[in-house]
Amino acid sequence: MDGTSETSFLCLPNEVLTKIFEYLHTHDRSNLASLDGRLAEVEEKTGYRRFQDIAIISNPLLRIMKISADGEEIFIDDVISETVTSFNHASAQWMHIKGQYYEDSEDALSSATKTIKFENLHIELFDERSVRILKELVQVHKELNLVHLNFLKTRMNVEKAREVLPDLPSVPAYIISVASTLCDDQILLQLAGNCSRYVEIDCVHNNLSADGVTRARQEICTNGRVKTVTFSLKNSQIERVVGREIGSKELERGITVNHGGASFTCWQHRDDNVMVEMRYDPMFLPSSQIGFLRLGD
C-alpha cells in the first residue's frame with residue numbers, strides 16, 4: 001500500500017448523516033439528498049432542527065409563495081414545486097399564515113403544512129378561503145395550544161364573521177385581533193365557548209354590549225373549566241358588567257370584583273375605554289365569595 005486512502009462521504013453511518021442533515025439549510029439539504037438514493041432515504045426520515053417561526057406567505061398578484069424559517073427565505077414561483085415540501089418533519093413554535101390565498105396556493109399550503117408540527121398558529125383571515133384553511137389546519141394539528149386570528153386586513157364584515165366563526169374547532173386558547181367594529185356580542189360568546197382556557201380580544205373599539213358580556217360570563221361559568229377572557233369595554237358599561245360603580249382612581253390602580261361566579265379585573269386602557277379581564281376558576285372561586293372586592297396596586 002502507498003500509505004494513502006480515500007474515504008467516501010457515504011462511508012459515514014446513518015446516525016452521523018442524520019446529524020448533518022439536521023443542520024443543513026433547506027436548499028443544501030435537498031441538493032445533498034439528490035446525489036444518492038441512500039442519502040435521499042436518510043434525508044426523508046431526518047427531522048429538521050426546531051424553528052422558532054415558520055411563515056408561509058401568498059401573493060395573489062404575483063402568483064408566488066414565500067416560505068421563511070427563522071430568517072431563511074425561499075421564493076417559490078411555481079407553487080406546485082417540490083420546494084414547498086422541503087420542510088417535511090420540521091417543527092416550530094409558531095406557524096404564520098400570511099397573505100391572500102388562491103386555489104393553487106391553497107393546495108400548496110395544505111401540502112406543505114401536513115408534516116410540519118407547530119404549537120401556535122397565527123393566520124390572517126382575509127376571506128372565506130382563509131377561514132377554510134384555518135379550519136383544516138386546526139383539525140389536522142391536534143397539538144395546537146394557541147390560535148391567533150388576525151382580522152386586521154379582512155374583507156369580511158360582521159355578518160360574514162358571524163357565519164364563519166361558529167364552526168371554529170375548539171383549542172385551548174384563542175387570540176383575536178380585529179378591526180374597530182368587527183367584534184360583537186355573538187362573536188365574543190362563540191369564542192368564549194370554543195376555547196378551553198383563554199381568549200383575548202385585541203381591539204379597543206368594538207360592538208360589545210353589557211348584556212353580551214354578561215352572556216359570555218355565563219358561558220364561562222357554566223362549563224366548569226378554568227378560563228380567562230380579556231377584552232375592552234367602555235367605562236359606561238362597566239357598572240352593568242361588574243354590578244357596581246367603579247371610580248376612575250380605582251380603574252387607574254386596577255380593581256378586581258368577584259361577581260356572578262367570575263372574577264373581573266378592570267383597569268384603565270385609554271380614553272374612556274377599560275380593559276376587562278374575566279376569570280373563572282371553579283376551584284378557587286366558590287359561590288360564597290360572590291361580591292368580594294379587592295383593589296390592586
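**Exercise 1. How many residues does α5 have, and what distance does α5 reach from its first C-alpha to its last?**

Before solving, some ground rules. The model is predicted: local features need pLDDT of at least 70, side-chain atom pairs count only at pLDDT 80 or more, and totals for chains, interfaces and linings use all residues. Residues are numbered from 1 along each chain as its sequence is written, and side-chain values use heavy atoms, leaving out hydrogens and water.

*Solution.*
- Helices are DSSP runs of H or I with at least four residues; strands are E runs with at least two; both are numbered from the N terminus.
- α5 has 13 residues and reaches 18 Å.
- The expected span is 1.5 Å times one less than the number of residues. For α5 the expected value is 18 Å, and the model comes close to it.

**Exercise 2. List the buried residues of α5 and find what they pack against.**

*Solution.*
- Buried means under 20% relative accessible area, exposed over 50%, partly exposed in between (1.4 Å probe, protein chains only).
- Ser 130, Val 131, Ile 133, Leu 134, Lys 135, Leu 137 and Val 138 are buried.
- Their packing partners are β4 (91-99), α4 (103-113), β5, β6 (146-150), α6 (158-164) and β7 (171-177). Contact means heavy atoms within 4.5 Å.

**Exercise 3. Describe the surroundings of Asp 127.**

*Solution.*
- Place Asp 127: the loop between β5 (117-124) and α5 (128-140).
- Check for a salt bridge (a side-chain nitrogen of Lys or Arg within 4 Å of a carboxyl oxygen of Asp or Glu). Asp 127 is buried yet has none.
- Find the nearest side chain of opposite charge: Arg 129, 5.6 Å away. Here Lys and Arg count as positive, Asp and Glu as negative; His and the chain ends are not counted.
- Look for polar contacts (N or O pairs within 3.5 Å; within protein, one must be able to donate a hydrogen and the other to accept it, and residues adjacent in sequence count only if both atoms are side-chain atoms). The side chains of Asp 127 and Gln 100 make one at 3.2 Å.
- Turn to the start of α5. A side-chain oxygen of Asp 127 comes within 3.2 Å of the backbone nitrogen of Arg 129.

**Exercise 4. Which side chain makes a polar contact with the side chain of Arg 29?**

*Solution.*
- Locate Arg 29: helix α2 (residues 26-33).
- Arg 29 is buried, at 0% relative accessible area.
- The partner is Glu 43, at 2.8 Å.
- The Arg 29 side chain also reaches the backbone oxygen of Phe 21, at 3.4 Å.
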